[in-house]
Amino acid sequence: MIERPQIHFQNSRQAIRIHNELMDRGPRLLVQMMSPNGENMILTDALVDTGADITSFEESAIKKLGYQAHSKVKIRTAVGEELRGLYWVDLGIPQRGRAHRVLRVEVAGLGNFSKGQLPFGLIGRDVLRQGSLSYNGIGGEFHLDLLPKDAG
């Protein structure tokens, strides 16, 4: 079972600090999952997971924003295989010293982990290969810098 840190913050300055903090349980980002029309947004707690092929978020949060699955995918987890929905979702991913980078990402639905906290997700290699990830365990921080759309 995935253990999630309790994330509490009083203002946006603390939220920005959390973006680059190396939590006890791994590198985490506060990712914005946006509705298809861009009018609504859900803030999610996403673990950077270099072992995940595909980015995944709680299916209930994806559906709450109005997304519909376009197909299904078999997901292999520690407890076995599950058939989950695949969705094209707009994500706002925090960037060091810049505004969030918005990407349309094909994501797999996950079961529900949040229990009243922020919805949970995994940032997989499909997103990570679009930029640079630096991990400083001694300094207790990491940075995910996605390349601009026109970079190649």
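Colleague: Hi! Before we look at the strands, when do two of them count as paired?
Modeller: Two strands pair if DSSP finds at least two bridges between them. Keep in mind that this model is predicted.

Colleague: Okay, so which residue stands opposite serine 134?
Modeller: That would be histidine 143, which lies in strand S10.

Colleague: And in which sense do S9 and S10 pair, parallel or antiparallel?
Modeller: Antiparallel, over six bridges, with S9 covering residues 131-136.

Colleague: How many residues sit between S9 and S10 in that hairpin?
Modeller: Four. Have a look at glycine 140 in the turn as well: its phi is positive, about 70°.

Colleague: Nice. Let's zoom out. How many helices and strands does the protein have?
Modeller: Three helices and ten strands. Along the sequence, they follow the pattern α-β-β-β-β-α-β-β-β-β-α-β-β.

Colleague: What about the inside? How many residues are in the largest nonpolar core?
Modeller: There are 24, and Phe57, Leu91 and Ile93 have the most contacts inside this core. Several elements each supply at least two of the core's residues, including helix H2 (59-64), strand S6 (80-95) and strand S10 (141-146). The largest share, four residues, comes from S6.

Colleague: Which residues does isoleucine 93 touch, leaving aside neighbours within four places in sequence?
Modeller: Among them are Leu29, Val31, Leu103, Val127, Leu144 and Leu146. Isoleucine 93 is also in contact with His100 and Arg101.

Colleague: Last one: what percentage of the residues count as buried?
Modeller: Of the 152 residues, 44% do. As for the outside, the accessible surface comes to about 8700 Å², and 50% of that belongs to carbon and sulfur atoms.

Methods: Residues are numbered from 1 along each chain as its sequence is written. This is a predicted model: local features need pLDDT of at least 70, side-chain atom pairs count only at pLDDT 80 or more; totals for chains, interfaces and linings use all residues. Side-chain values use heavy atoms; hydrogens and water are left out. A nonpolar core is a set of buried Ala, Val, Leu, Ile, Met, Phe, Trp, Tyr and Cys residues joined through side-chain atoms within 4.5 Å. Buried means under 20% relative accessible area, exposed over 50%, partly exposed in between (1.4 Å probe, protein chains only). Contact means heavy atoms within 4.5 Å. Accessible areas come from the Shrake-Rupley method with a 1.4 Å probe; for residues, only the protein chains shown count as cover.
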